[in-house]
Amino acid sequence: MHGWHQAAIVGAAKGLEGKLRLEDASAFLRFAEAGSKVAFTPPREDAVRFTRVSEVEPISEDACIAAFADISERAQAEALTGARVLMRGEAAETRPESDGALRWIGFQVIDAHAGPIGEAVAFDLERPQALMSVRAPSVDGRTGRVALIPFVEEIISSVDEEARQIRIQAPAGLLDLPGE
């Protein structure tokens, strides 16, 4: 699978020219190079969603200062504080889980009203609105259906990495799938 994997977390804006201090960035430091495509998640209304790496300056084993093609002002960088930096590709997939691969795949997804609805099996950040694929449990030996849930702050309530749970508040009708 050539999916998106977490490579770092945005710690803070650095300087006036829009650079970012990245934390938990050992995977980013290993795989990022000028021109590498990255995504920031969760999506934020007034922030860059996808861009390319311009420059990387390591400051420790797992932290760096990075510049990105579409971020040139401090306000743009500040809007991304706390976001996860995702990278795509085979190289990112080969790193150990402890290096920050997208840990949410395999998490149980629990809706505030419907309760447990399934397991997160993929994230698609290429679309204008990011989507999380959630597979319902298997029934009578048949593989459960996959629901596509917008991966936006208005729906994603919280992610509990310790409990391996993603809590959502799906709007009415989002989880209503026609019967087979």
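## Two nonpolar cores and the strands around them

The largest nonpolar core holds 24 residues, and those with the most contacts inside it are Leu 20, Leu 22, Phe 28, Phe 40 and Phe 68. A nonpolar core is here a set of buried Ala, Val, Leu, Ile, Met, Phe, Trp, Tyr and Cys residues joined through side-chain atoms within 4.5 Å, where buried means under 20% relative accessible area (1.4 Å probe, protein chains only). The model is predicted, so local features need pLDDT of at least 70 and side-chain atom pairs count only at pLDDT 80 or more, while totals for chains, interfaces and linings use all residues. Residues are numbered from 1 along each chain as its sequence is written, and side-chain values use heavy atoms, leaving out hydrogens and water.

**The cores**
- At least two residues of the largest core come from each of strand 1 (4–14), strand 2 (19–23), helix 1 (26–31), strand 3 (37–41), strand 5 (63–68) and strand 6 (84–88); helices (H or I, at least four residues) and strands (E, at least two) are DSSP runs, numbered from the N terminus.
- Strand 1 gives the most to this core, with 4 residues.
- A second, separate core of 17 residues includes Val 109, Phe 151, Val 152 and Ile 166.

**Around strand 6**
- Strand 6 is mostly covered, as 4 of its 5 residues are buried.
- Strand 6 pairs with strand 1 in the antiparallel sense over 5 bridges, and Ala 8 stands opposite Val 85 in strand 6; two strands pair if DSSP finds at least two bridges between them.
- Strand 6 also pairs with strand 3 in the antiparallel sense, over 4 bridges, and Arg 84 in strand 6 is the bridge partner of Thr 41.

Notes. Buried means under 20% relative accessible area, exposed over 50%, partly exposed in between (1.4 Å probe, protein chains only).
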